[in-house]
Amino acid sequence: MTAARPQLTIEGLIAELLALGRISESEPPVVTRVVFGEADMRARAYVKSLCHAAGLKIREDAIGNTFARWEGSDPALAPIGTGSHIDAIPNAGLYDGCVGVLGGLEAIRVLQKLGFKPRRSIELVIFTAEEPTRFGIGCLGSRMMAGVLTPQQALALRDKEGRGVEEWRSQAGFAGSLDSVAEPRGRFHQFVELHIEQGPYLEQEGIDVGLVTHIAAPASQRIVIEGEGGHAGGKLMPGRKDALAAAAELILALESAASSTGAIDTVGTVGICDVFPGAVNSVPSRVVITTDVRDIDRARRDGVLAALAAATEEVSTRRGVAITTELINSDPPTTCDPATLAALEASAIAAGKTHKKMVARAYHDSSFVSCIAPVAMLFIPCRGGVSHRPDEYSSPEWIGGGVHVLSRTLAELAS
Ligand code: GLV
Ligand code: MN
Ligand code: MN
């Protein structure tokens, strides 16, 4: 790449991030954009209009993964990919995913302004539903692209109201056989995802960018506890089969199992607890909880799941409640590609940015892209490590640093 310094228009990029953030199902600055909902569709249209203005050629697949391509001088070569997601969980912030999409676009525009001519095409990808909010499983688009989730499995997914992927995607205007979503190995020559760290270390250590070597292995389950309901006054304590009390024991069992592995990398969360019938004067008869367990070490993570399974059996017997566990996903950890990491590192040095190698504890579309292409991730700091909250924040300087390193890396890889 030319030694000329990329001309970042960081104010423009920040204005675009803010504009994207205002497209929300919640009152801004709170961001909620659930896949295929009205806000998600408007956000997609906004980002596509920016890609169009940058002269990129846009294609959408049958599940809505969107590819914006800057054609290289040798279109037959596998492209370099970059990108992330723009869907957002309820009560989220501006930067998760969006920095990778709009920052990826800005990296391309910087190279265009410099007069750079890529040999390999560069494709910006906006993945459908990285967040599990609607269908209960994360990385729907990249999972299907990698062939890890089959069309049959995707079609069996349901939202809370029982509406499926087919109904939602056709309402959103996506058609065609879902078989066509899976891409072959080699689809991208290399893939780089820019993302906020979603943890505190870069900011605490005053480091500009993180080079992600591994992405943690997530597993998620839906646990249904069925007890016996009744009148909160009339049903006396002896012999109660309170489904919520049983769920409480499981939640604490998970917390204890995840806290006692001896590794800081193990995390366990119950983020959903639906109580039926949900009345103050009614003993809960049915509870559904979801578990989310992650670790860099798959065996250690599976040890937590085994401990929870043992607790489930014990609680079920002791309390006389029926408990069924459904595994939603159990994904392996991802190892990032050394050559792509080396390119990121060289770019960070050339850009004068401090860097460190680190692991990603959230899951990312790159995990699934790694099944079909070499991947690496580039992290930038976010204030206080805060993410999945409206006060999520990454400064223009941090974002600019990430885009600078990304643009140099894309130029290097596409040359
Ligand atoms: C994605 O946001 C995750 O849950 O890691
Ligand atoms: Mn997220
Ligand atoms: Mn994300």
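These questions and answers look at the ligand and metal sites of a predicted model.

Author: Residues are numbered from 1 along each chain as written, with chains lettered from A and ligands numbered from 1 in written order. In this predicted model, local features need pLDDT of at least 70 and side-chain atom pairs 80 or more, while totals for chains, interfaces and linings use all residues; side-chain values use heavy atoms, without hydrogens and water.

Reader: Why is His85 called buried?

Author: Buried means under 20% relative accessible area (1.4 Å probe, protein chains only), exposed over 50%, partly exposed in between. His85 has 0%, so His85 counts as buried. His195 also has 0%, so His195 is buried too.

Reader: What makes His85, Asp96 and His195 donors of the manganese ion (ligand 3)?

Author: Donors are N, O and S atoms within 2.8 Å of the metal (3.2 Å for Na, K and Ca); water is not among the atoms, so sites may look incomplete. His85 (NE2), Asp96 (OD) and His195 (NE2) coordinate this ion at 2.1 to 2.3 Å. Their spacing along the chain is H-x10-D-x98-H. Asp96 also bridges to the manganese ion (ligand 2), and the two ions lie 3.7 Å apart.

Reader: How do you know that Arg294 makes a polar contact with ligand 1?

Author: A polar contact is a pair of N or O atoms within 3.5 Å; within protein, one must be able to donate a hydrogen and the other to accept it, and residues adjacent in sequence count only if both atoms are side-chain atoms. A side-chain N or O atom of Arg294 is 2.7 Å from an oxygen atom of ligand 1. For a polar side-chain atom of His388, the distance to a ligand 1 oxygen is 3.1 Å.
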